[in-house]
Structures are given as C-alpha cells and as structure tokens.
Amino acid sequence: MYDDSERKCHPLLQGERDEEYKNGSFSSAEMATLSSICDVIVQPLPLNSLDDHGNKVEESIRSFSTASGSQYPIPNKVVHLLKTRAFLEAVMVVKLVLTLLSTRLGTLLLSGTLCLSHKWPYVHNFSEIPLDKREKIVQKWFEHRFLTPIRLGFVFIKTLCLLVFFTQVDKKANNPAWEAIGYHVDINEEHPKKEQNKRPLQKGMVEIMKETDQTLVHSLLQKGLDVTEELKENICRIKCDVVIIGSGCGGGVAAAILAKSGKKVVVLEKGNYFTQTDYSKLEGPSLDQLYESGGILPTLDGKVMIQAGSTVGGGSAVNWSACIKTPQSLRKEWAEEYHIKLYESHEYTSAMNKVCERIGVTEKCTKEGFQNQVLRKGCQNLGLKVDSVPQNASENHHCGTCCYGCRSGDKKGTDSTWLVDAVDHGAVIITGCKAKKFMVTRNQNGKKRRKKCLGVIAQVLNDKILKRLHIEAKVTISACGSLLTPPLMISSGLKNPNIGRNLHLHPVAMAWGYFPEGETDDLTGKSYEGGILTSVHKPGSDETYILEVPALGPGCFAGLTPWVSGQDLKERMLKYSRTAHVFSLVKDRGSGEVTSAGRISYKFSKFDNENIKKGLRQALRVLIAAGAVAVGTQRSDGQRLKCKGTSKEEIEEFLETVDAVPGPMSMVKDWNIYCSAHQMGSCRMGKSEKEGAVDENGESWEAEGLYVCDASILPSAVGVNPMITIQSTAYCLAERIADIFR
Ligand SMILES: Cc1cc2nc3c(=O)[nH]c(=O)nc-3n(C[C@H](O)[C@H](O)[C@H](O)COP(=O)(O)OP(=O)(O)OC[C@H]3O[C@@H](n4cnc5c(N)ncnc54)[C@H](O)[C@@H]3O)c2cc1C
Ligand SMILES: CCCCCCCCCCCCCCCC=O
C-alpha cells in the first residue's frame with residue numbers, strides 16, 4: 001500500500017479527487033436509473049459464483065464477485081465523464097434512456113412485460129425491477145436492431161461504467177478489483193535510469209497552470225520573448241519568428257529544426273508538461289491528463305474508439321514506441337499518384353535516417369512481453385513471417401506503461417528529444433495554452449496566396465488568467481494533429497475543400513485469446529507487462545493489413561469487451577492478465593471527416609471491410625496456433641470458440657462466421673466497436689488546391705505563411721505505424737521553411 005508522503009508522481013496523475021461529483025442535468029430519479037443500469041453491467045454475483053472449480057476462492061475474488069457498478073461514486077463519475085468528454089448526441093441518447101427508464105410508461109415502452117409484476121403498481125420503473133429482469137432488458141437492448149440510438153445510449157453507459165470501475169483509485173492508488181484480475185501497479189517504483197535532468201524542457205517552459213494574471217507577462221519576458229500588454233483589451237501580444245501549435249510528432253520536430261536555424265520559436269501546447277518522475281502508470285488519471293478527450297473519443301456513430309495524445313510530446317509521449325520507416329511502396333505511391341515528389345527524394349531518405357538517429361531507434365528488444373510472445377509463437381507455428389519492430393527506446397526497455405508516459409525515461413518522445421533541442425536553441429513552450437484562431441488577412445500584394453497568416457490567437461486554460469494571447473509570427477505552423485488542425489483552420493475562415501476531409505484512421509479490429517497460467521509455460525508474464533509493441537506480422541505487399549498487439553489497461557480492456565451478462569463480464573475480467581489481444585490494422589481506403597473538434601465521422605470502404613475480415617481471421621488463427629484455450633472477437637454477442645480438442649474443420653467453420661460487422665448504430669443484431677490510434681490525411685498535401693489543403697512544402701494553398709506539419713498532411717493512410725513518416729515529413733518541411741527564411 002502507499003504512504004502519501006512517499007508518493008512520487010504528479011498530483012494530476014494521482015487520480016483521486018476530494019470534491020463531490022455533481023449530477024449535472026440528471027435528476028435524482030435519473031441517477032437512480034443510471035445506478036441500476038451500472039448495477040447490471042458490473043453485477044453483484046452470488047458469493048461463490050466465480051468459484052475456481054471448487055478451489056479455495058481468494059478473498060479478493062469473493063469481494064470482486066459481489067462488487068456492483070452502482071457503488072458511489074461510479075454512476076457520478078459516469079455522469080462527470082459524459083458532461084466533460086462526450087459529444088452532444090451521446091449525452092442526449094443517454095439522457096433519453098435514463099428519462100424514459102425513470103418513468104413507468106417509459107420503462108414499459110423500453111422493457112415490455114419485463115417491468116410488470118403482480119404487486120402494486122404492477123408497472124415498475126427500471127430501478128424497481130429485480131436484477132435478473134433488468135439484465136434481460138439490457139441484453140435485449142444490446143441486440144435490438146431498431147431504435148439503435150437507444151442501444152447506443154446503453155453502449156455508452158456500459159463503456160463508461162466499466163472504464164470507471166476498473167480505473168478508479170483510492171488515495172493509496174489502489175483499486176479493489178485489481179488483485180482479483182491479477183493487475184498490479186507500483187507507482188513508487190524507482191526509476192531504473194536516474195534521470196539526469198528532472199525537467200529537461202524547464203528553461204524554455206511557461207506553464208499556464210502555474211501562472212497568474214500578474215506573473216504571466218514577466219514569465220514570458222524572462223524567456224526572452226518580445227511581449228507587450230494591452231491592458232484595455234486584456235491582450236498579451238507576443239512577437240516571434242515562428243509560432244507552432246502542437247508539440248507532438250510533427251510540432252516537436254519542426255520546433256527543433258527552426259530553432260536550430262536561428263529562429264525565435266514559440267510552441268503552444270494545450271496539454272500540460274509531465275516528465276518521467278511525474279508519470280504514475282495509473283490508467284485512469286493518465287488517460288484523463290495525457291489523451292485527447294481523456295481517451296474517450298468515439299466517432300459520432302460510436303463505431304470507432306479513437307485515441308490521440310494531448311500533452312507535451314503529443315502522441316509521442318504516450319505511444320507504443322514502434323518505429324517503422326515509410327514503406328518504399330508507399331513512397332512510390334505518394335510520389336507518382338499524389339505527385340508529392342518529396343517522397344521519392346534523397347532528402348526524405350536522409351530525413352528518415354536523421355529522425356531515427358535523433359530518437360534513438362534500436363532494432364531488436366532483448367526480451368518480449370507476453371502478448372508479443374503470443375504473436376510471435378502463433379506466427380511461427382503457422383509458418384508466417386513475423387518481424388521485430390524497431391523501438392525509440394533501448395533494447396532492454398520493458399516498462400510496459402509507455403502508454404501512460406514512460407516512467408523509466410527510456411522512450412524517446414519529442415518531449416525528451418526534439419523539444420529539448422528546440423529549447424536549447426531558445427524556443428519557448430507555453431503549455432495549457434489552446435490556439436483558437438489564426439490571424440488571417442487579405443494578402444495585399446496577393447502574389448502567392450489570396451490571404452496571409454499573421455499569427456494565432458490563443459486561450460489560456462487557467463480560469464485565474466483573463467488575458468488572451470496574440471502571437472504574431474512570420475511563419476505559423478499548425479501541428480495539432482489530424483483531429484484538431486482542420487477545426488482550427490476552418491474556425492479561422494479557411495475554405496479549402498480538403499480541410500477536414502480524407503481523414504484516415506487505420507481502423508483496428510481486435511481478437512483475443514486466453515492462455516491460463518501453467519498451460520503454456522513458454523508464454524511468460526502478464527498481458528500488461530513488457531515492451532508494448534515489439535513484433536509485427538506483415539503478410540506481404542499485396543495485403544493491406546498488419547497484425548500487432550495493443551496495450552490495454554483493465555479499463556480499456558473492459559470497455560472494449562462485449563458485455564453479454566454480468567457473470568460473463570466478471571469471468572472474462574478474472575482472465576485479464578492472461579488474455580492476449582492481437583489486432584488487425586488496415587491501411588484504409590475509406591475515410592472520414594472532422595470539421596469541428598471532437599465530432600468525427602468515418603466510413604469503412606468495402607475494401608477495408610474485406611481486409612478487416614481477413615486480418616481478424618488471421619489474428620484468430622495466430623492465437624489458436626499459439627495455444628489459446630479459447631479465442632474470440634469483440635463482436636457484441638461475445639463471439640468466441642473453445643479451442644481445446646476442437647478440430648481443424650470446427651475452427652475453420654468458426655472462422656467463417658468472423659466478419660467485419662457494422663457498428664452499434666447499424667440496424668443489425670451483432671455489431672462491433674473498432675479502434676484507432678493513427679489519424680492522418682485530414683489536411684493532405686496536394687499538387688494543387690483542388691487536390692490538397694497544403695502544397696508540397698506544407699504551406700496552405702489559401703494563406704501565405706500558414707503551414708501544417710503533422711499527420712494531417714499525409715496524402716493517404718500509411719499502412720504501418722506512422723510516427724517515423726510524420727516526423728520525417730515534418731523534418732523536410734521545416735528545413736524547407738528555414739530555407740525560405742534564409
Ligand atoms: C496510444 C497510441 C499509441 C501509438 N503508438 C504508436 C507507435 O507505436 N508507433 C507509431 O508510429 N505511432 C504510434 N501512434 C501514433 C502516433 O503517435 C501519432 O500518429 C502521432 O503522434 C501524430 O503526430 P501529430 O504531430 O500529427 O500529432 P500529435 O502527436 O497528436 O500532437 C498534436 C499535439 O497538438 C496539441 N494540440 C491540438 N490542438 C491544439 C490547440 N488548438 N492548441 C494547442 N495545442 C493543440 C495536442 O494536445 C497534441 O499534444 C500511437 C498513438 C497513440 C494515441
Ligand atoms: C473506453 C474504451 C476506450 C478504448 C480505446 C482503446 C484504443 C486502443 C487503440 C488500439 C489501436 C492501436 C493502433 C496501433 C497503435 C500503435 O501504433
């Protein structure tokens with residue numbers, strides 16, 4: 001257990017909150033209904049219901065079996081997440097479900113005869129119905145083929161309830177369910193590598209959350225910035241050569257290259273700055289503080305759960321360290337089909353080499369974790385190619401929690417590489433600072449572009465500071481990532497039709513396999529231990545899927561697990577530490593749109609569905625070949641197969657039933673939720689303003705002096721983990737911008 005005085009992590013990453021959770025716009029009746037739905041999702045079971053076949057049941061399992069999702073503050077935290085993280089329609093469908101089920105008539109409408117009894121008043125509210133009947137009602141709605149918005153409301157409640165239940169922690173950073181599911185987090189684990197410099201970016205850092213109206217200007221002046229204050233308008237005006245919005249893969253590289261070229265660079269980052277000594281390894285607080293929308297970012301139809309980083313270092317601070325160079329075939333495609341000659345140039349090859357060198361890419365880790373062992377063993381047993389995945393970390397890096405920030409300090413995100421170079425050359429990073437609008441005017445000389453960008457207006461994310469920042473710069477670079485660069489450009493009045501379109505997600509379908517301790521001794525460790533993504537199966541150039549393994553903490557694992565009954569969910573979670581996931585990632589031809597923050601629509605193409613199906617079936621074959629005793633998919637009906645003693649024919653028969661099923665909003669009985677951690681293409685490069693939002697130098701076709709240096713400019717989906725491609729592209733564009741300056 002942890003003694004608070006010893007706690008060594010950032011308060012924001014510790015998790016527990018003292019203040020009461022308010023219920024917002026939900027009435028007490030609706031809160032009672034929500035609690036009774038959470039009571040179904042995480043269901044109190046009879047004491048010996050999770051018996052391990054008569055063996056002595058550990059006390060932790062007994063208390064896990066009786067635990068309920070209705071326990072305070074779980075429903076209240078669900079409401080808090082809905083209010084703070086969900087898009088409007090999600091809140092509306094949940095509100096509709098709760099309002100209806102809080103009345104007898106509404107419950108009758110949604111539940112039919114299951115809400116009737118012989119006792120007065122004969123028709124009951126949902127929260128008054130016995131648990132077994134409530135479970136039947138929820139099961140019915142999960143497979144209801146009509147009124148699918150109502151089903152989506154139940155799906156959102158299920159996902160949030162499970163995420164909260166398995167990620168909430170007490171003041172000692174403990175969760176009562178973790179012992180039962182075999183999960184353990186030691187937040188006080190010493191850093192194997194004594195960090196040389198506690199906060200390597202400090203000398204260039206202005207952290208808005210630590211400033212006040214009285215201190216901000218002084219802090220900015222101290223960093224050598226040209227700052228003037230306009231008291232009447234409450235504006236703090238900063239002048240610099242280059243302002244970069246976003247400190248992730250693209251922004252970090254651009255900041256380093258341009259600062260090194262002698263330019264005064266200001267980086268705006270809406271997230272906060274955390275270093276290895278701040279990270280807690282706690283899933284809940286880390287999702288909340290280090291991820292866009294707290295890690296809860298579904299597409300508008302609920303079909304894809306999206307994750308993107310939002311902290312200093314952006315995605316590179318939370319990603320899984322896979323460093324795969326841009327495939328030669330893709331470089332050829334981008335050069336020939338999209339006419340982006342950069343990608344067939346030596347300039348780009350050289351940039352990739354410099355990027356790999358700067359972020360310390362190593363070829364092969366010394367020891368693989370459980371899930372990567374499963375992938376490797378299954379591929380080898382099937383005679384499939386399986387490669388090691390280069391990492392931007394040392395070869396003996398096995399922290400396993402890079403997805404919550406690398407506490408070992410071994411992973412080389414932009415926060416410990418490119419941004420360090422930038423501040424070493426005078427760059428200033430302003431955190432907790434959200435760009436709201438580019439300052440765009442008509443271009444007087446009108447030579448290059450109709451408009452000209454003069455800089456950016458930013459909001460400080462600290463309600464104790466009333467000032468707004470106006471940053472004037474010769475060059476403005478948007479590096480907000482594919483989900484947020486387009487909304488920023490659109491809210492600044494830019495109209496190029498490619499802005500916010502052609503969004504690619506690399507959709508991921510997950511398969512799982514269970515490997516009981518002691519039954520497959522060659523597969524050691526637990527699902528959440530060791531290097532996250534160190535092996536990959538790439539079937540071949542004509543295929544457009546790859547197989548890899550994910551990092552899933554208990555909350556995300558449970559949130560993605562199909563819920564078929566309270567008993568089944570708890571039985572599945574008891575197997576958490578020895579359940580391996582293998583995902584199939586598709587180089588998508590389908591695409592989506594993101595024209596305002598947090599509102600993402602996306603459509604799978606027929607081609608993508610075919611490849612998802614192929615990849616998912618192959619993932620299941622790999623899991624079976626690795627020796628899983630049971631395998632399954634994330635399909636809503638809990639699609640699975642017991643493998644022991646199953647014949648090849650039975651396996652193939654099962655695989656025939658595996659498909660790329662639609663999402664929860666589609667009018668089908670069985671649906672699936674996919675995932676995405678790679679977003680790209682929503683402001684793609686093009687050889688004309690018809691074909692792209694920016695030109696081959698990354699400059700907006702509409703506004704002179706406005707550039708984009710993030711994944712949004714990529715012409716299409718990459719097909720492999722994109723970090724090297726993004727950083728190398730940013731490297732080339734920043735060098736070109738520096739040349740323009742020269
Ligand atoms: C969980 C996860 C695992 C991944 N694993 C890998 C991997 O192993 N290998 C790999 O190659 N790729 C991986 N990726 C993908 C890779 O990290 C991303 O593709 C990459 O980080 C995208 O770079 P970017 O520059 O486009 O944006 P990001 O790196 O996302 O950076 C954008 C930054 O801009 C900030 N921002 C946005 N809007 C504003 C605003 N208005 N004002 C101020 N700041 C703003 C955001 O807070 C964020 O910090 C992973 C991604 C995730 C989420
Ligand atoms: C509340 C449940 C949210 C669950 C989201 C889980 C998202 C996992 C992302 C899986 C995609 C992996 C893509 C490859 C990442 C490495 O490059």
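## Two ligands and a nonpolar patch

Student: Is leucine 105 buried or exposed?
Tutor: Leucine 105 counts as exposed, because its relative accessibility is 61% and the cut-off for exposed is over 50%. Keep in mind that this is a predicted model.

Student: Okay, and where does leucine 105 sit?
Tutor: Leucine 105 belongs to helix H5, which covers residues 104-111.

Student: Which residues make the nonpolar surface patch with Leu105?
Tutor: Leu105 shares that patch with Leu108, Leu109 and Leu116. The patch has an area of about 390 Å².

Student: Cool. Let's switch to the ligands. How many residues surround ligand 2?
Tutor: Ligand 2 has 14 residues around it. The closest are Thr159, Trp320, Phe583, His678 and Asn721.

Student: What does histidine 678 do there, in terms of distance?
Tutor: One of the polar side-chain atoms of histidine 678 is 2.6 Å from an oxygen atom of ligand 2. For asparagine 721, an N or O atom of the side chain lies 2.6 Å from an oxygen atom of ligand 2.

Student: And how much of ligand 2 does the protein bury?
Tutor: The protein buries 96% of the 530 Å² that ligand 2 exposes when taken alone.

Student: Which elements give two or more residues to the shell around ligand 2?
Tutor: Those are strand S11 (508-514) and helix H18 (554-560).

Student: What kinds of residues are in that shell around ligand 2?
Tutor: There are 10 nonpolar residues and 4 polar ones, with no charged residues.

Student: Now ligand 1. How many residues surround it, and which are the closest?
Tutor: Ligand 1 is surrounded by 36 residues, and Gly250, Glu269, Ser310, Ala322 and Met723 are the closest.

Student: Which side chain has an N or O atom 2.7 Å from an oxygen atom of ligand 1?
Tutor: That is the side chain of serine 310. Backbone atoms come in as well: an N or O atom of the cysteine 249 backbone is 3.2 Å from an oxygen atom of ligand 1. In alanine 435, a backbone N or O atom lies 2.9 Å from a nitrogen atom of ligand 1.

Student: How much of ligand 1 gets buried?
Tutor: Taken alone, ligand 1 exposes 1000 Å², and the protein buries 96% of that.

Student: Which element gives the most to the shell around ligand 1?
Tutor: S8 does, with 3 residues. Other elements supply at least two residues each, including helix H10 (249-260) and helix H22 (723-741).

Student: Last one: how does the shell around ligand 1 divide?
Tutor: The shell around ligand 1 has 17 nonpolar, 15 polar and 4 charged residues.

Technical notes. Residues numbered from 1 in each chain as written. Chains lettered and ligands numbered in written order. Predicted model: local features only at pLDDT ≥ 70, side-chain atom pairs only at ≥ 80, totals over all residues. Heavy atoms only, no water. Patch = residues over 30% accessible without salt bridge, like charges linked within 9 Å, V, L, I, M, F, W, Y side chains within 5 Å. Areas by Shrake-Rupley, 256 points an atom, 1.4 Å probe, with all protein chains shown as cover. Salt bridge = Lys/Arg side-chain N within 4 Å of Asp/Glu carboxyl O. Helix = DSSP H or I, 4+ residues; strand = E, 2+ residues; numbered from the N terminus. Buried < 20%, exposed > 50% of the residue type's maximum accessible area, 1.4 Å probe, protein only. Near = heavy atom within 4 Å. Polar contact = N/O pair within 3.5 Å; in protein donor to acceptor, adjacent residues only side chain to side chain. Nonpolar A, V, L, I, M, F, W, Y, C, P; charged D, E, K, R; others polar.
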